[in-house]
Amino acid sequence: MEPPSPATPAARRIPFRPLGGLFEQDDVAAVTRILEDVASGEGSFFPLPEEKEFEQRLARLVGASHAVAVNSCGTALDLCMMALGIGPEDEVIVPPLTFVCTATCAAARGARVVFADIDPNTLCLDPEAVRLKISPRTKAIVPVHFAGLSCDIDGFARITKEFGIPVIYDAAHAVGAMRNGVPIGNAGLASCFSFQSNKNMTTLGEGGAVTTDDPSFAEIVRQKKTFGFVYGSPLRNVTVGFNYRLTKIQMACGLTQLDKIDRIVELRLQRFLRMQELLADVGELLLPPGISRGHACHLYILRLNTSIVPFSREDLRRHLKERFAVETVVHYPAVYSWEAFEKLDHDRSGCPNAEAACSQVFSLPIFPSTSWEDLDYLRSALKQSISELSSRSVSGGTK
Ligand SMILES: Cc1ncc(COP(=O)(O)O)c(C=O)c1O
């Protein structure tokens with residue numbers, strides 16, 4: 001569908017929906033089929049064959065040799081830290097601009113969390129800033145493909161080569177992401193994906209996976225997600241493990257979600273590109289970088305250029321909500337600003353780019369089902385809000 005030229009759209013409500021992808025009749029049918037099989041006495045909740053098929057198809061999608069399905073990206077990261085044997089003597093380097101568990105997966109093993117700065121343009125962890133924080137205690141680096149934009153995989157690969165430090169990618173935002181046309185799921189030692197409800201695809205609200213090209217790393221993660229068992233004859237229990245499994249129903253839905261993930265990412269890309277056009281002339285806003293094919297288009301994150309406007313990001317978000325019924329979300333406050341970090345051993349020094357970004361970022365409510373009229377409305381709500389807040393402050397209003 002051709003987007004119309006921007007008009008002045010009628011007032012409407014645009015909530016930030018807690019569903020990032022599409023959930024349709026084929027998903028409903030996949031779930032219902034399992035339940036009906038069990039109810040008829042024919043089926044069961046035993047995870048095969050769905051688990052195997054889901055893992056194989058996911059691995060293919062993200063370009064990795066192995067995928068291990070788990071019940072969240074948070075547990076995927078936990079498992080990777082355990083598989084690496086991270087402990088209290090160790091340090092793990094992470095970005096400040098991310099969801100808490102990118103950092104707390106290391107803290108949970110007793111490790112010291114070391115924050116390194118982000119690139120001011122991509123908002124992803126900067127390999128050069130990481131180099132400044134490497135110490136003899138550094139045992140892992142956890143970059144984030146922020147908002148769906150692949151981070152500098154080559155820069156991190158050089159660090160691994162030089163220092164022998166493994167990289168575990170937090171790919172929660174990156175289902176569908178590519179770098180130079182190549183899927184990113186085999187970068188570093190492993191990648192951790194999320195299928196939580198907000199993400200590009202969901203396995204009924206929660207879910208995740210570890211993907212890797214390293215068969216022995218995949219095997220350790222697989223053992224630890226199922227109480228330490230190795231299935232076969234004889235059955236063996238070889239390590240301390242947990243129950244971090246996805247259910248059969250979730251993986252049946254994961255398969256129908258995989259059928260449509262290309263369509264979801266395309267729908268998101270078209271809307272993100274249109275929003276870029278619509279906001280190109282709004283000098284007070286810094287637009288998200290790298291919106292083109294290969295970006296997973298998970299979050300449309302704007303930055304308010306707070307150095308040239310007389311109001312704050314929070315003033316703008318409040319105005320958008322109260323006057324235009326547009327909901328926005330902050331992805332994210334700096335991880336170390338959460339109160340949990342008052343008690344956790346960490347280093348937050350030297351992260352000015354992240355500090356600045358954390359006070360400027362806000363995400364627009366753009367989803368695969370967002371209409372062109374909604375995009376026009378978002379543009380006009382943003383432009384009017386900026387103009388009204390600017391003139392209010394000139395006439396002596398609050399900052
Ligand atoms: C960057 C990032 N990492 C990890 C997670 C955790 O994902 P999950 O909810 O699947 O544990 C999220 C969730 O929002 C996230 O945004």
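Colleague: What makes the radius of gyration of the protein chain agree or disagree with that of a compact globule?

Modeller: The rule for a globule is 2.2 Å times the number of residues to the power 0.38, with the radius taken over C-alpha atoms; for 399 residues this gives a value near 21 Å, and since the protein chain has 22 Å, the two agree. Along its principal axes, the C-alpha trace spans about 80 × 55 × 35 Å. This is a predicted model, in which local features need pLDDT of at least 70 and side-chain atom pairs count only at pLDDT 80 or more, while totals for chains, interfaces and linings use all residues. Residues are numbered from 1 along each chain as its sequence is written, and side-chain values use heavy atoms, with hydrogens and water left out.

Colleague: How many helices and strands does the protein chain have?

Modeller: There are eleven helices and 15 strands, counted as DSSP runs (H or I over at least four residues for a helix, E over at least two for a strand) and numbered from the N terminus.

Colleague: Which strands make up the open sheet, and how do they pair?

Modeller: Four strands in the order 4-2-3-14 form an open sheet with parallel pairing, where two strands pair if DSSP finds at least two bridges between them. Strand 2 (residues 91-94) satisfies that criterion with strand 4, as three bridges join these parallel strands; Ile 93, for example, has Ile 141 in strand 4 as its bridge partner.

Colleague: Why is one side of strand 4 and of strand 14 left without a neighbour in the sheet?

Modeller: Strand 4 (138-141) and strand 14 (346-347) stand at the edges and each has a single partner strand, so one side of each has no neighbour in the sheet.

Colleague: How do you know whether strand 13 and strand 15 run parallel or antiparallel, and whether they count as paired?

Modeller: Four bridges join strand 13 (residues 300-304) to strand 15, and the two run antiparallel; Tyr 300 stands opposite Leu 364 in strand 15. Both faces of strand 15 (residues 361-364) are covered, with Val 361 and Ser 363 buried on one side and Phe 362 and Leu 364 buried on the other.

Colleague: Why is Cys 297 called buried or exposed, and how does Ala 325 fare?

Modeller: Buried means under 20% relative accessible area, exposed over 50%, and partly exposed in between (1.4 Å probe, protein chains only). Cys 297, at 0%, therefore counts as buried, whereas Ala 325, at 30%, is partly exposed. Over the whole protein chain, 55% of the 399 residues count as buried.

Colleague: What is phi at Cys 297 and at Ala 325, and where do these residues lie?

Modeller: Phi of Cys 297 is near 50 degrees, a positive value in a residue other than glycine, and this residue lies in the loop between strand 12 (285-286) and strand 13. Ala 325 is likewise not glycine and has a positive phi, near 55 degrees; Ala 325 sits in the loop between helix 9 and strand 14.

Colleague: What makes the peptide bonds from Ser 233 to Pro 234 and from His 331 to Tyr 332 cis or trans?

Modeller: The bond from Ser 233 to Pro 234 has omega near 5 degrees and is cis, with Pro 234 in the loop between strand 10 (229-230) and strand 11 (236-237). The bond from His 331 to Tyr 332 is cis, with omega near 10 degrees, and Tyr 332 is found in the loop between helix 9 (313-324) and strand 14.
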